[in-house]
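Work through the exercises below with the sequence and the structure open. Try each task before reading its solution.

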Amino acid sequence: MQTKLGVEFEIDFAHTLKDHPKCGKPHGHTAKIIIEVAGDVKKGDTYQDNMVMDFHEMKTTCWDVIKDLDHTNLNDMFDFPTSENIAMWIFDNLKERIPISSVKFFEGSNKYCEITK
Ligand SMILES: [Zn+2]
């Protein structure tokens, strides 16, 4: 049976979307980010066999990537810092490090982009 774990983070960032009628001026957002991993639980004799992965390790690894976005002008990192491009960047930077299954990137409180494996 596949089991999912999720961790949640919050970052603040600035961006400008060139030629966008509203987002063409510099502005900022607080973003919520939810990252999920998926896998099987073996139910063996060790604690590692009884979890998909350790929450602490998951949080530490995710933050090691996400911290580069926090309090940053994302136009310094992306030509077009859309939710889609930011979520894909997070997914790509984590996929070799954890068994990631999805990234949800909330731009503000009521809009989100989801990347799934
Ligand atoms: Zn914006």
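Three exercises follow, on a model that is predicted.

**Exercise 1. Work out the strand order of the open sheet and find which strands stand at the edges.**

Step 1. The sheet has 5 strands, with mixed pairing. Their order is E3-E1-E2-E4-E5.
Step 2. Read off the ends: E3 (72-73) and E5 (112-116) each have a single partner strand, so one side of each lacks a neighbour in the sheet.
Step 3. Now add the helices. H1 (residues 55-66) packs on the sheet and touches E1 (2-15) and E2. The direction of H1 makes about 30° with that of E1.
Step 4. H2 (residues 83-94) also packs on the sheet, touching E1, E2, E4 and E5. With the direction of E4, H2 makes about 150°.

**Exercise 2. Place Ser-102 and decide whether this residue is buried or exposed.**

Step 1. Ser-102 lies in strand E4. E4 (residues 100-107) pairs with E2 (residues 27-40) in the antiparallel sense, over 7 bridges.
Step 2. Across from Ser-102 stands Glu-36.
Step 3. The cut-off for buried is under 20% relative accessible area. Ser-102 has 2% relative accessibility, so Ser-102 counts as buried.
Step 4. Beyond four places in sequence, the contacts of Ser-102 include Ile-34, Ile-35, Phe-91 and Ile-115.

**Exercise 3. Find the residues that touch the most other members of the largest nonpolar core.**

Step 1. This core has 29 residues. Ile-35, Cys-62, Ile-90 and Phe-105 touch the most other members.
Step 2. E1, E2, H1, H2, E4 and E5 each supply at least two core residues.
Step 3. Take Phe-105. Leaving aside neighbours within four places in sequence, its contacts include Ile-11, Phe-13, Ile-33, Ile-86, Ile-90 and Tyr-112.

Definitions and conventions
Residues are numbered from 1 along each chain as its sequence is written. This is a predicted model: local features need pLDDT of at least 70, side-chain atom pairs count only at pLDDT 80 or more; totals for chains, interfaces and linings use all residues. Side-chain values use heavy atoms; hydrogens and water are left out. Two strands pair if DSSP finds at least two bridges between them. Helices (H or I, at least four residues) and strands (E, at least two) are DSSP runs, numbered from the N terminus. Contact means heavy atoms within 4.5 Å. Axes are lines fitted to C-alpha atoms, for helices over the stretch in contact, and angles run from 0 to 180 degrees between N-to-C directions. A nonpolar core is a set of buried Ala, Val, Leu, Ile, Met, Phe, Trp, Tyr and Cys residues joined through side-chain atoms within 4.5 Å. Buried means under 20% relative accessible area, exposed over 50%, partly exposed in between (1.4 Å probe, protein chains only).
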